[in-house]
Amino acid sequence: MALDNGPVHGREALAELAGERVDHRFKGLPPDAYGLTLAELAGQRRNLFTDGFATPVLALSAERLEHNLKLMETYAARHGLAFAPHGKTSMAPQLFHRQIEHGAWGITLAVPHQVWVARAFGIGRIFLANELVDAAALRRLAAELDADPEFRFVCYVDSVRGVELMDAALTAAGAARPVDVVVELGAGAGARTGARTEADCAAVADAVAGTRTLRLAGVAGYEGEVPDADPERVHAWLRRLVALAADFDRAGRFEGLGEIVLSAGGSAWFDAVADVFAEVPGLSRPVLKLLRSGAYVSHDDGHYREVTPFNRVPAEGALEPAFRLWTQVVSRPSAEQAFANAGKRDAAYDLDLPFAQVVRPADGGPERPAAGIAVSGLSDQHAWLRTGPGAELEVGDWVGLGLSHPCTSFDKWQLIPVAEADGTVVDYIRTFF
């Protein structure tokens with residue numbers, strides 16, 4: 001799919017990223033590259049391990065990144081789903097555009113700042129999987145919509161009060177175009193946002209209908225918040241969501257729409273979304289079945305490796321963990337302990353500690369498995385390594401760590417080298433958190 005999802009200025013903004021100069025802002029880059037543009041540095045095709053990169057340094061696998069992009073493109077197409085991957089995972093406009101090249105309808109985001117980043121890089125379709133009641137943000141949104149007739153924006157609503165606040169802010173802003181909203185059905189008692197009952201959803205829809213500034217575009221929610229989630233409970237909640245869309249349609253709430261938006265889908269249950277969305281009954285107009293999974297782009301070696309739906313449907317393929325954090329052993333005080341120079345400032349640790357995977361000896365010897373080595377804790381700038389009997393590890397060795405949770409891996413790095421399997425760095429991904 002061509003980059004027709006946003007205005008030309010988005011591609012120009014991407015090109016400007018390549019003109020950024022390497023300096024102190026970016027961790028892990030070769031000090032002798034300071035002053036080069038990122039395009040110039042990428043053109044040198046330096047090797048991650050032998051051409052001056054400094055530890056700690058986070059790298060993305062070029063091959064695995066492309067594999068994951070292709071896999072989810074194929075999966076969504078196979079199941080008749082539109083795909084708006086959640087951009088909060090990476091906040092990397094380069095990856096947003098690669099996702100769109102791989103068939104994505106648009107990008108999902110969570111807060112206004114993320115929307116402005118996406119708009120600065122030409123993303124023309126945005127699904128905000130959150131309520132939006134901030135008056136200043138709504139003023140800017142109104143200006144964006146009025147300035148660009150091609151810009152498509154959809155967000156959640158889940159309360160009458162929220163609708164009133166949106167209407168007041170948009171009216172005060174003189175908004176010419178109505179904002180498309182979807183009523184969010186909550187996943188259950190104790191879950192996150194969302195109207196808790198169908199009656200509550202109907203009251204919110206009635207409130208939307210009473211405004212000039214909002215347009216009801218569909219229904220949505222997040223099945224990952226279903227309490228005590230298991231396949232049966234998740235399928236049941238998704239069927240409630242589909243039934244809500246059908247009820248709204250029978251009541252004439254979608255009159256005048258070209259399509260009805262029906263959206264769900266995190267990274268743990270998108271197989272259930274595919275199952276239930278395949279059951280959507282015939283409605284009065286076409287249904288945009290919008291999946292929003294985001295963690296797939298890098299996947300991981302921990303939490304998402306365990307919960308990915310591809311474990312349940314192996315015939316559909318498998319995502320591959322694309323991140324590796326390289327850190328260097330700086331202290332080996334005993335046979336049972338070592339310390340490396342990456343810590344909480346560099347590695348995700350909210351779901352699991354990093355996983356020691358491979359060792360690259362300081363003497364240039366071949367890479368080997370990190371046998372007998374485990375990360376036992378993290379300080380701000382140190383990884384605590386527990387080493388078993390016979391573990392081969394010396395001061396100066398590089399240790400490659402797998403990570404758990406893509407969202408809190410990307411957000412610690414402003415610039416991430418993309419390396420091929422032999423260590424050749426072919427690109428640099430810029431993030432905007």
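In which strand does Thr387 lie? Keep that question in mind while the whole chain is on screen; the tour returns to this residue at its last stop.

**The whole model**

Begin with everything displayed, remembering that this is a predicted model. The protein holds 12 helices and 18 strands. Its radius of gyration is 23 Å, close to the 22 Å that the globule rule gives for 433 residues, so the protein is as compact as a globular protein of that length. Turned along its principal axes, the set of C-alpha atoms fills a box of roughly 70 × 45 × 35 Å. If you colour by accessibility, 55% of the 433 residues count as buried. Among contacts with a separation of 6 or more, 71% are made by residues 24 or more positions apart.

**The eight-stranded sheet**

Next, select the strands of the open sheet, which follow one another in the order β2-β9-β8-β7-β6-β5-β4-β3 with parallel pairing. The edges are taken by β2 and β3 (107-109), each of which has a single partner strand, so one side of each is left without a neighbour in the sheet.

Start at the β2 edge and select residues 82-83, the strand β2, together with residues 287-291, the strand β9: these run parallel and are joined by two bridges. Ala82 has Leu290 as its bridge partner in β9. Of the five residues of β9, four are buried, and the strand is accordingly mostly covered.

Now add residues 260-264, the strand β8, which pairs with β9 in the parallel sense over five bridges. Here Leu290 of β9 is met again, this time standing opposite Ser263. To follow the chain between these two strands, show helix α10 (residues 270-277) as well, since β8, α10 and β9 together make a right-handed β-α-β unit.

One step further along the sheet, residues 214-220 form strand β7, which runs parallel to β8 and is joined to it by three bridges.

**Gly218, inside β7**

Select Gly218, which has its place in strand β7 and stands opposite Val261 in β8. What relative accessibility does Gly218 have? The value is 0%, so Gly218 counts as buried. Beyond its close sequence neighbours (up to four places away), Gly218 touches Val181, Val182, Val183, Phe254, Ile260 and Val261. For a sense of distance, draw a line from the C-alpha atom of Gly218 to that of Ala110: the two residues are 108 apart in sequence and 18 Å apart in space.

**Helix α9**

Select residues 231-250, which make up helix α9, and compare the C-alpha atoms at its ends: they are 28 Å apart, in agreement with the 28 Å that its 20 residues should span at 1.5 Å a residue. Then show the side chains of its buried residues, among them Val234, Trp237, Leu241, Leu244 and Phe248. Against which elements do the buried residues of α9 pack? They pack against β6 (179-184), α8 (198-209), β7, β8 and α10, and of these β8 and α10 also belong to the β-α-β unit visited above. Following α9 is Gly252, with a positive phi near 80°.

**Strand β15: Trp384 and Thr387**

For the last stop, select residues 383-387, strand β15, in which Trp384 lies. Is Trp384 buried or partly exposed? With a relative accessible area of 34%, Trp384 is partly exposed, because the intermediate class lies between the 20% and 50% cut-offs. Its side chain makes a polar contact of 2.8 Å with the side chain of Ser379. Leaving out residues up to four places away in sequence, Trp384 touches Gln337, Ala338, Phe339, Ala374, Val375, Ser376, Gly377, Leu378 and Ser379. One of these, Ala374, is 10 residues away along the chain, with its C-alpha atom separated by 8.4 Å from that of Trp384.

Thr387 lies in strand β15 too, which settles the opening question. Thr387 is buried, with a relative accessible area of 4%. The side chain of Thr387 reaches the backbone nitrogen of Gln337 at 3.2 Å, and the residues touched by Thr387 beyond four places in sequence are Arg332, Ala335, Glu336, Gln337, Ala338, Gly372, Ile373 and Leu393. Finish with Gln337 and Ala338 selected, since both appear among the residues touched by Trp384 and among those touched by Thr387.

Terms used. Residues numbered from 1 in each chain as written. Heavy atoms only, no water. Buried < 20%, exposed > 50% of the residue type's maximum accessible area, 1.4 Å probe, protein only. Contact = heavy atoms within 4.5 Å. Polar contact = N/O pair within 3.5 Å; in protein donor to acceptor, adjacent residues only side chain to side chain. Pairing = 2+ DSSP bridges. Right-handed = clockwise from strand over helix to strand, strands pointing away. Expected span 1.5 Å × (residues − 1). Rg over C-alpha atoms; globule rule 2.2 N^0.38 Å.
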